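User: I'd like a close look at one part of this chain, the part built around the third helix. Could you walk me through how that helix sits among its neighbours, and then say a little about the loops?

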Amino acid sequence: MAGKSVAYRHFQRVLTQWPVDTLRPQVSFQNAMRRRIDKQLGPSTTDNTSYDPANESKDTLVTPLEPYNEEEQLEQVNVLYSFIENRYAKKYPLSNRLLKPLSNPEYYENLVKELEEAPKRSFFGRLLNSWKGFIRWS
């Protein structure tokens, strides 16, 4: 463990803080990133070898790895930290005019409510909701 790079430790830390996607729990950003950093920054960060097609199976799609650059990796970690800390939402706050358009002032509130309810909905609830979208009452 002493041989791990600073970037590797930061990646591991930021991925433990990353929120789980409740809409798509089967797709995990954390797992995808962990596989990437283990492959690129894992135990052998000192040999700087890149992709060797002889070692890969034919059914996986793997892109060649660039040579290791600690500074670039730390920049990428910084971007992930900025998303977790909501730096951009704090730096560029949304105005009330944008969040509540005159044409449909409750649109974004309803959207957030729908996104919060969607993972908890049963199969029949999802089916009923899809049919509600097809049927228009006039």
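Analyst: Along the sequence the chain reads α-α-α-α-α-α-α, which comes to 7 helices and 0 strands. Helices here are DSSP runs of H or I with at least four residues, strands are runs of E with at least two, and both are numbered from the N terminus. This is a predicted model, where local features need pLDDT of at least 70, side-chain atom pairs count only at pLDDT 80 or more, and totals for chains, interfaces and linings use all residues. Residues are numbered from 1 along each chain as its sequence is written, and side-chain values use heavy atoms, with hydrogens and water left out.

Some background on the whole chain helps. Of its 138 residues, 15% count as buried; buried means under 20% relative accessible area, exposed means over 50%, and partly exposed is in between, using a 1.4 Å probe and protein chains only. Among contacts with a separation of 6 or more, 61% are between residues 24 or more positions apart, a contact being heavy atoms within 4.5 Å.

Now for H3 itself, which runs over residues 70–84. With 15 residues at 1.5 Å a residue, H3 should span 21 Å, and its end C-alpha atoms are indeed 21 Å apart. The expected span is 1.5 Å times one less than the number of residues. The buried residues of H3 are Gln73, Val77, Leu80, Tyr81 and Ser82, and what covers them includes H1, H2 and helix H4 (87–91).

Gln73 is a good one to zoom in on. This H3 residue is buried, with a relative accessible area of 3%. Setting aside neighbours within four places in sequence, Gln73 is in contact with Ala7, Phe11, Arg36, Gln40, Leu41 and Tyr68.

Next, the two ends of H3. Asn69 is in the loop between H2 and H3, and with 31% relative accessibility it counts as partly exposed. At the start of H3, a side-chain oxygen of Asn69 comes to within 3.1 Å of the backbone nitrogen of Glu71. That is a polar contact, meaning a pair of N or O atoms within 3.5 Å; within protein, one must be able to donate a hydrogen and the other to accept it, and residues adjacent in sequence count only if both atoms are side-chain atoms. Asn69 and Ala7 are 62 residues apart along the chain, yet their C-alpha atoms are separated by 9.7 Å.

Past the other end, Asn86 is in the loop between H3 and H4. Asn86 has a positive phi of about 55° although it is not a glycine. For background, most residues other than glycine have a negative phi. Asn86 is partly exposed, at 45% relative accessibility.

H2 is one of the partners of H3, so to speak, and deserves its own look. H2 covers residues 29–41, 13 residues in all, and reaches 17 Å from its first C-alpha to its last, close to the 18 Å expected. Buried in H2 are Gln30, Met33, Ile37, Gln40 and Leu41. Seen down the axis of H2, these buried residues fall within an arc of 110°, so they line one face of the helix; the arc is that of the directions from the helix axis to the C-beta atoms. They pack against helix H1 (6–17) and H3.

How do H1 and H2 meet? Their axes come within 10 Å and cross at roughly 170°; axes are lines fitted to C-alpha atoms, for helices over the stretch in contact, with angles from 0 to 180 degrees between N-to-C directions. H1 and H2 are therefore roughly antiparallel to each other, a label for angles over 145 degrees (under 35 is roughly parallel, 65 to 115 roughly perpendicular, the rest oblique). On the H1 side, Ala7, Tyr8, Phe11, Gln12, Leu15 and Thr16 take part, meeting H2 residues that include Phe29, Met33, Ile37 and Leu41.

Finally, the loop between helix H6 (107–117) and helix H7 (123–134) is where Arg121 sits. The side chains of Arg121 and Glu114 are joined by a polar contact of 3.0 Å. Not counting residues up to four places away in sequence, Arg121 touches Glu114, Arg126 and Asn129. Ala118 is also in the loop between H6 and H7, and is partly exposed at 23% relative accessibility. The C-alpha atoms of Ala118 and Leu23 are 7.1 Å apart, with their positions 95 residues apart along the chain.
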